[in-house]
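This briefing is for a reader who is meeting the structure for the first time. Please look over the sequence and the 3D view before reading on.

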Amino acid sequence: VEILKSTKPVITSPALVHNQGFFKNQGLYTKTDLEPEKLIQLLKEIELKIGRVVVERYGPRIIDIDIVWWSEGIFNSDQVKIPHYANKCRPWVRSILAEIVGEQLDPEIKQTYRSMDVMPIHKIDDFFEKKKKGEKISLLTVYDYSFARILARTSLDSVLVGDSLGNVMQGNESTIPVTVDQMIYHAASVVRAAEKALVVVDLPFGSYQGNSKNALDSAIRIMKESGGHAVKLEGGAEIKESIERILTAGIPVMGHLGLTPQSIYKFGTYQVRAKEEAEAQKLIEDAKLLASIGCFALVLEKVPAALAKRVAEEIPIPVIGI
């Protein structure tokens, strides 16, 4: 086996079993006459010579050598599967493949490895950059320190502290009773655990509708007292003034259209919204408005897929489905 190229080391936190140290990962581009099954046998022998002892799957190990790519494409046997399953689900693997064989196509999904390499989100501008690059953005809702700690160990781009905590954490039938104080309490818990994740916090019902000064006061309190990085508001043209006033304070705003749970008593149902032409057209107009006044991203909740696709193509900011 001849080593032709090696990548820079990539440090990652352990997956699945967390009571161990960080991993150092590196890619080697090699030339060999061995078939994949013979090569994997050789690699396992090397692991044993170095001192690997398997005690617990995904647990601590001194070394782990895998074959993630093969110039011939796909190979499947009881001993080895190529491409490796981690190619597409682990950012550091995609990064290594992008560095070594970036212009090669993954034989399963027919995309170049360079196009599958992803950038992390550390600041608001990164949302725009990921959209420009055609990269997906991952965001999950979290309400407390413990779950935020779990998500902090993943490659998740961002987290939302949602006012859906009214349903999930408090057992209410809607999000209506949630207060600004409660949002601050939960958001502060998440921020303490979220590490590098960008934290977006919902403004709850009654804290911004119909009164732009109240909206700004609520957003400032959430930012100052929770440590969050941005706020999310539900609605379009009817809350334009509130969004604009919040933006004047330098507070990033994420929009939210489609099914807006704070309006549940208006809708009367949690079913899919904007199925009719008139509502769909208003949603498109509202999406363009939110993008034009300065929202950095838009959440579309429970709308037809074709409509979401159209919105994503027609506005310059990222669109996140829920």
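The points below go from the chain as a whole to its sheet and then to one helix.

The model is predicted. Its chain has 322 residues, of which 43% count as buried. The secondary structure comprises 13 helices and 13 strands.

**The chain as a whole**

- Measuring along the principal axes, the C-alpha trace extends over about 70 × 40 × 35 Å.
- The chain exposes about 17,300 Å², and 54% of that area is supplied by carbon and sulfur atoms.
- Among contacts in the chain with a separation of 6 or more, 56% come from residues 24 or more positions apart.

**The seven-stranded sheet**

- An open sheet is formed by seven strands, in the order β7-β8-β9-β10-β11-β12-β13, and their pairing is parallel.
- The edges are taken by β7 (139-141) and β13 (319-321); each has a single partner strand, so one side of each has no neighbour in the sheet.
- From one strand to the next, the twist averages 25 degrees.
- At the β7 edge, three bridges join β7 to β8 (residues 158-161) in the parallel sense.
- Within this pair, L139 is opposite S158 of β8.

**Helices on the sheet**

- Helix α8 (residues 180-194) lies across two strands, β8 and β9 (198-202), and runs at about 170 degrees to β9.
- Helix α12 also packs on the sheet, where it touches β11 and β12; its direction is at about 175 degrees to that of β11.

**A closer look at helix α12**

- Helix α12 covers residues 277-293, which is 17 residues.
- At 1.5 Å a residue, counted over one less than the number of residues, α12 should span 24 Å, and its end C-alpha atoms are 24 Å apart, so the expected span and the model agree.
- The buried residues of α12 are A280, L283, I284, D286, A287, L289, L290, A291 and I293.
- These buried residues pack against two helices, α10 (240-248) and α13 (305-314), and against two strands, β11 (253-258) and β12 (297-301).
- G294 comes just after α12 and has a positive phi of about 125 degrees.

Definitions and conventions
Residues are numbered from 1 along each chain as its sequence is written. This is a predicted model: local features need pLDDT of at least 70, side-chain atom pairs count only at pLDDT 80 or more; totals for chains, interfaces and linings use all residues. Side-chain values use heavy atoms; hydrogens and water are left out. Helices (H or I, at least four residues) and strands (E, at least two) are DSSP runs, numbered from the N terminus. Buried means under 20% relative accessible area, exposed over 50%, partly exposed in between (1.4 Å probe, protein chains only). Contact means heavy atoms within 4.5 Å. Two strands pair if DSSP finds at least two bridges between them. Axes are lines fitted to C-alpha atoms, for helices over the stretch in contact, and angles run from 0 to 180 degrees between N-to-C directions. Accessible areas come from the Shrake-Rupley method with a 1.4 Å probe; for residues, only the protein chains shown count as cover.
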